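Colleague: I would like a close look at a single part of this protein, with enough of its surroundings to place that part properly. Could you take me through it slowly?

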Amino acid sequence: MAVIIKNQKQIELMREAGRILAIVHEELKEFIRPGISTLDIDRKGKAIIDRFGCIPSFLNYEGYPASICVSVNEEVVHGIPKKKRILKEGDIVSLDAGVIYKGYHSDAARTWPVGTVSKETQKLLDVTKQSFYEGIKFARAGRHLHEISRAIQKYVESNGFSVVRDLVGHGVGADLHEDPQVPNFKPIGRGILLQPGMTLAIEPMVNAGKKDVWWLDDDWTVVTKDGSKSAHYENTILITEGEPEILSIQK
């Protein structure tokens, strides 16, 4: 495993990539409403990224055909935007996006309600987001990586939901996916020692039902096996000497 420690110049580039990505997500949040297509969301996201002179991290990445991964309801991640996939009142939609700024990536995901959703669905969204914050309490120099993983799993399961095992977070920097992998569940062992200058994409994926998922025939879209709804919350963070710095939220 080769974990890349970022220097100050690289960190500044990633801060800017994260700042821009935060704006992308905020503008897309305001755009979400019943009646629009998932392709509309992708086109809007691409236009925002273009406005900043950046490159979408996901477009053509290993053949992925869009700029924004748009996943609805039981789709966990990597949903492909489509003109005929129309959002309806009560849906939830997960948006996973990244931008490349001067050669460095940011990566973040949000799950939003479409109109009014049920109390149980809103709880899924809230728990998924909070599980990220529970995890990064341990994202400190001198702690071990799997302390983050354990905290996420413990919080999610204590609220009656399940953590996806087949997909994990990751390091991020000049490449979209770098070492180390960041599970959202506690594996065997403590994981690597966290050091200042590490940049990680921490991304709980949480199912309302069971943890099991499968891939659709498009080889991209991951869905829950039991058809339950799934939520996704992700940010790019920087390990520092003290509190972790979240690079992909608006300050």
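Modeller: What follows goes from the whole chain to one loop residue, and then to a residue in a strand for company. Please keep in mind throughout that this is a predicted model.

The protein chain carries four helices together with 15 strands. Its radius of gyration is 17 Å, close to the 18 Å that the globule rule gives for 251 residues, so the chain is as compact as a globular protein of that length. Taken along the principal axes, the box filled by its C-alpha atoms is roughly 45 × 45 × 35 Å. Of the 251 residues, 56% are buried, and among the contacts with a separation of 6 or more, 70% are made by residues 24 or more positions apart. The accessible surface amounts to about 11,000 Å², and carbon and sulfur atoms account for 51% of that surface. As for charge, there are 33 positive and 34 negative charges, and their mean positions lie 3 Å apart.

The part I would examine closely is Asn 73, which sits in the loop between strand E2 (69-72) and strand E3 (75-77). Although Asn 73 is a loop residue, it counts as buried, because its relative accessibility is 13% and the cut-off for buried is under 20%. Its side chain takes part in two polar pairings that can be traced in the model: one is a polar contact of 2.9 Å with the side chain of Asp 91, and in the other a polar atom of the Asn 73 side chain lies 2.9 Å from the backbone nitrogen of Ile 92. Asp 91 and Ile 92 also appear among the residues in contact with Asn 73 once neighbours within four places in sequence are left aside, and that list further includes Ser 228, Lys 229 and Ser 230.

For a second view, turn to Trp 215, which belongs to strand E11 (residues 213-215). Trp 215 counts as partly exposed, because its relative accessibility is 41%, and that value falls between the 20% and 50% limits. Not counting residues up to four places away in sequence, Trp 215 touches Asp 166 and Leu 167, and also Trp 220, Thr 221 and Val 222. Val 168 is 47 residues from Trp 215 along the chain, and the C-alpha atoms of these two residues are separated by 15 Å.

Note on methods:
Residues are numbered from 1 along each chain as its sequence is written. This is a predicted model: local features need pLDDT of at least 70, side-chain atom pairs count only at pLDDT 80 or more; totals for chains, interfaces and linings use all residues. Side-chain values use heavy atoms; hydrogens and water are left out. Helices (H or I, at least four residues) and strands (E, at least two) are DSSP runs, numbered from the N terminus. The radius of gyration is taken over C-alpha atoms; the globule rule is 2.2 Å times the number of residues to the power 0.38. Buried means under 20% relative accessible area, exposed over 50%, partly exposed in between (1.4 Å probe, protein chains only). Contact means heavy atoms within 4.5 Å. Accessible areas come from the Shrake-Rupley method with a 1.4 Å probe; for residues, only the protein chains shown count as cover. Lys and Arg count as positive and Asp and Glu as negative; His and the chain ends are not counted. The place of a charge is taken as NZ of Lys, CZ of Arg, CG of Asp or CD of Glu. A polar contact is a pair of N or O atoms within 3.5 Å; within protein, one must be able to donate a hydrogen and the other to accept it, and residues adjacent in sequence count only if both atoms are side-chain atoms.
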